[in-house]
Amino acid sequence: MNDGIMTKLRRQLLRRNARHRKNGIQRRAAPVLKSPREIQIMREAGRIVARAHVAIKEAIRPGVSTLDLDRIVLSVLRKYSAISSFYGYHGYPANICASINEELVHGIPSAKRVLKEGDIISIDIGSTYRGFVGDSGWTYAVGEVSAEARRVMEVTEASLWAGIDKAVPGNRVRDISRAIQQCVESSNLYIVKEYTGHGVERAMHEAPQVLNYVSEDVDGGLVLQPGLVIAIEPMVQLGTEKTKTLKDKWTVISKDHSLSAHFEHTIAITNHGPKILTVL
Ligand code: MF3
Ligand code: CO
């Protein structure tokens with residue numbers, strides 16, 4: 001694992017897309033459409049992630065370590081014959097990501113990280129079931145939290161729902177991106193731009209990239225069609241859009257140490273609207 005692989009991968013993608021644009025080549029990695037049968041399996045993968053989130057929600061309280069939470073998720077995944085999509089991904093050393101307060105994403109669970117009253121914690125869970133992935137993240141409050149903490153959580157969750165609302169056939173990827181951006185910016189919070197949503201399939205990250213803002217450099221013109229499965233995942237900070245990666249090479253924090261939140265669902269585009277796969 002070298003420095004901030006996720007950031008690098010995504011930056012490379014951004015650059016590559018920008019280059020193709022410049023050359024006038026509208027090349028997009030073609031997203032794979034899933035059959036109804038495959039989407040059924042992905043729904044099961046997603047349901048298992050949702051069960052793991054239920055267990056997390058019940059377990060979260062002061063005194064619990066992020067390693068405890070990792071173990072709890074692992075036992076739920078095992079119970080339903082799934083494995084963590086994250087473990088070993090580019091060398092990632094744990095089953096979930098657990099990111100506290102100013103930590104945005106990719107926090108590595110540890111026995112030394114113990115929750116306390118007033119913390120907020122983002123838990124990201126991916127399950128691989130019969131070869132397919134479900135991916136969902138949620139930010140939880142530990143007991144009573146500050147008004148600021150509630151605000152960053154509420155706005156980020158609202159922006160996820162605003163994005164999901166646009167995930168209908170005929171819309172374009174950038175309609176999702178725009179809805180998220182409007183929701184976050186109208187609340188004067190900051191969208192992190194270095195990390196994005198993504199297509200989901202047998203691999204965790206597939207085409208298309210699903211940005212949380214409208215960009216000149218990345219083509220958001222892909223028309224959504226039934227069978228496309230994407231993860232929508234706004235990442236939002238209270239004080240800045242800038243992040244930095246800690247020495248552990250994984251944990252991404254807000255550069256100004258302000259609070260951050262991350263909400264994510266895996267969604268299938270269907271003729272009946274967005275079908276959220278990562279629910280019970
Ligand atoms: N769920 C994250 C995402 O949506 C990926 C976790 S990174 C890992 O991109 F390394 F932990 F797997
Ligand atoms: Co994701």
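Which residues surround ligand 1? In this predicted model, the ligand is surrounded by F86, Y89, H90, Y92, C97, H106, D124, G126, D135, A231, E233 and E264. Sorted by class, this shell has five nonpolar, three polar and four charged residues.

Two residues of that shell, D124 and G126, lead us to strand β4. This strand covers residues 120-129. Ten of its ten residues are buried, so β4 is largely enclosed by the rest of the structure. In a regular strand, side chains alternate between the two faces of the sheet. Look for that pattern here. I120, S122, D124, G126 and T128 point one way from β4. I121, I123, I125, S127 and Y129 point the other way. Both sets are buried.

Now look at the partners of β4. Strands of a sheet pair through backbone hydrogen bonds, either parallel or antiparallel. Strand β1, residues 83-84, pairs with β4 in the antiparallel sense over two bridges. There, I83 has T128 of β4 as its bridge partner. Strand β2, residues 96-100, is also antiparallel to β4, and five bridges join this pair. C97 stands opposite D124 in β4. Both C97 and D124 also belong to the ring of residues around ligand 1.

Then comes β5, residues 132-141. It runs antiparallel to β4, and ten bridges join the two strands. S127 stands opposite G134 in β5. The strands β4 and β5 form a hairpin with two residues between them. In this hairpin, R130 takes a positive phi near 45°.

G134 takes us to a distant part of the chain. T278 lies in the segment after β15 (273-276). T278 and G134 are 144 residues apart along the chain, yet their C-alpha atoms are separated by 6.4 Å. Is T278 buried or exposed? A residue counts as buried if 20 or more other C-beta atoms lie within 10 Å of its own. T278 has 28 C-beta neighbours inside 10 Å, so it counts as buried. Leaving aside neighbours within four places in sequence, T278 is in contact with G46, V49, A50, G134, S136, H265 and T266.

Next, find a separate piece of architecture: an open sheet of three strands. Its order is β3-β12-β11, and the pairing is antiparallel. β3 (103-105) and β11 (243-245) stand at the edges with a single partner strand each, so one side of each has no neighbour in the sheet. On average, neighbouring strands here are turned by 40° against each other, direction ignored. β11 pairs with β12, residues 252-254, over three bridges. One example is T243, whose bridge partner in β12 is S254.

Finish with two helices. How many residues does α5 have? Helix α5 has 13, running from 173 to 185. The distance from its first C-alpha to its last is 19 Å, close to the 18 Å expected at 1.5 Å a residue. Its buried residues are V173, R174, I176, S177, A179, I180, Q181, C183 and V184. What covers them includes helix α4 (147-165) and the strands β6 (190-191), β8 (206-210), β9 (229-232) and β10 (235-237).

Helix α4 can be checked in the same way. It has 19 residues, which should span 27 Å at 1.5 Å a residue. Its end C-alpha atoms are 27 Å apart, which agrees. The buried residues of α4 are A149, V152, M153, V155, T156, S159, L160, G163 and I164.

Terms used
Residues numbered from 1 in each chain as written. Chains lettered and ligands numbered in written order. Predicted model: local features only at pLDDT ≥ 70, side-chain atom pairs only at ≥ 80, totals over all residues. Near = placed C-beta within 6 Å. Nonpolar A, V, L, I, M, F, W, Y, C, P; charged D, E, K, R; others polar. Helix = DSSP H or I, 4+ residues; strand = E, 2+ residues; numbered from the N terminus. Expected span 1.5 Å × (residues − 1). Buried ≥ 20, exposed ≤ 12 C-beta atoms within 10 Å, placed from the backbone. Contact = placed C-beta atoms within 7 Å. Pairing = 2+ DSSP bridges. Axes fitted to C-alpha atoms, helices over the stretch in contact; angles between N-to-C directions.
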